Amino acid sequence: MNTVLHKANTRGHANHGWLDTNHTFSFAHYYDPTRMHFGVLRVLNDDFVDGGKGFGTHPHDNMEIISIPLYGDLEHKDSMGNTAVIKENDVQIMSAGTGIYHSEYNKNKDKKVNFLQIWVFPKEQNIQPRYEQKTFKPEDRVNKLQEVVSPVKTSEGVWINQDAWFHLGNLKKDFQTEYIIKQKNNGVYIFVVEGDVTINGQTLNKRDGFGIWNTYKLSITANSDAEVLLMEVPMN
């Protein structure tokens, strides 16, 4: 079993006034050659955006881009003609493929939005761009790992162009469970949204990240009420 630990206070940080952000992996002006990615997981940004502010129209290509709002409402517009608002309990994905333009703004003027911005390298290059979002029932992740991203188009999660699975869990204190890795040679990156957990013997706290590979399962214990995001991804 191999592991890598990224404590919350070791993340790259930037405050642009309207945007306060933490980067688990190298991004923009934050560069660390030892923290470029975890397998095909390239970006994990923890973004706080002021009321009415946001990211103007900009391009992407050949990247799977997942947005998970933790609180607040994020308005999305793109060159495919999609206009949508994503909020807590929603998960959005864009397969940028051959290329798209999009913008993201805080829908509300009077409160911040906090969302996780996640980029995954695609399995297949230059596909037709696509957009999808789904709303998930929060009660279905209480002491359970709720699938929210999947490579299986008929599954509950939003579809991703990669052999990757994401799960959210809202775990009550002292709850224990296991996660069995679905595909050989995949690893799992755990991001602790809230609370304290122990994963395969490693204690983790709020906003810590922990990657595990060369194993087939994870043991998970909630040391307090906790929210976790598990991202299973190919390691090469």
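**Strand β10 and its partners**

I began with strand β7, residues 73-78, and found that β7 pairs with β10 in the antiparallel sense over five bridges. This is a predicted model, so I read every entry below as computed. For the register I looked up D78, whose bridge partner in β10 is H102. Next I checked β5, residues 54-60. Five bridges join β5 to β10, and this pair too runs antiparallel. Here I took G54 as the marker: its bridge partner in β10 is Y105.

Is β10 enclosed or not? I counted five buried residues among the seven of β10 (residues 100-106), so the strand is largely enclosed by the rest of the structure.

**Nonpolar cores**

I then listed the largest nonpolar core, which has 27 residues. L41, I66, I118, F166, L229 and M231 touch the most other members. I mapped the core onto the elements. Those giving two or more residues are β4 (41-49), β6 (64-71), β9 (90-95), β11 (113-120), β13 (145-150), β15 (165-171), β17 (186-194) and β22 (226-234).

Which residues does L41 touch? Leaving out residues up to four places away in sequence, I got F25, I118, W119, V120, Y189, M231 and V233. Two of these names, I118 and M231, I had already noted among the core residues that touch the most other members.

I also found a second, separate core. It has 18 residues, including I190, I212, A222 and L230.

**The four-stranded sheet**

I looked up an open sheet next. It holds four strands in the order β16-β21-β18-β19, with antiparallel pairing. The edge strands are β16 (176-180) and β19 (202-204), and each pairs on one side only. I noted an average twist of 25 degrees from one strand to the next.

Inside this sheet I checked β18 against β21. Three bridges join β18 (residues 197-199) to β21 (residues 217-222), and the two run antiparallel. V197 has A222 as its bridge partner in β21. I had met A222 before, as a member of the second core.

**Largest pocket**

I turned to empty space. The largest pocket has a volume of about 340 Å³. I found 21 lining residues, of which L70, E88, R141, V193 and E227 are the closest to the centre. The elements giving two or more residues to the lining are β6, β9, β15, β17 and β22. Which element gives the most? I found β6, with four residues. I had also listed β6 among the elements that give two or more residues to the largest core.

**Loop residues**

I searched for positive phi outside glycine. N89 has a phi of about 85 degrees and is not a glycine. I placed N89 in the loop between β8 (83-87) and β9. D174 is another case: its phi is near 80 degrees, again positive in a residue other than glycine. D174 lies in the loop between β15 and β16. Is D174 buried or exposed? I read 54% relative accessibility, so D174 counts as exposed.

Last, I looked at P138. I found P138 in the loop between β12 (130-135) and β13. P138 is partly exposed, at a relative accessible area of 36%. I also took one distance, from P138 to V197. The two residues are 59 residues apart along the chain, and their C-alpha atoms are separated by 19 Å.

Definitions and conventions. Residues numbered from 1 in each chain as written. Predicted model: local features only at pLDDT ≥ 70, side-chain atom pairs only at ≥ 80, totals over all residues. Heavy atoms only, no water. Core = buried A, V, L, I, M, F, W, Y, C linked by side-chain atoms within 4.5 Å. Buried < 20%, exposed > 50% of the residue type's maximum accessible area, 1.4 Å probe, protein only. Contact = heavy atoms within 4.5 Å. Pairing = 2+ DSSP bridges. Axes fitted to C-alpha atoms, helices over the stretch in contact; angles between N-to-C directions. 1 Å grid on protein atoms, 1.4 Å probe; cavity = no way out; pocket = protein on both sides within 12 Å on 5 of 7 lines; lining within 4 Å. Points joined across faces, edges and corners; volume = space filled by probe spheres on them.
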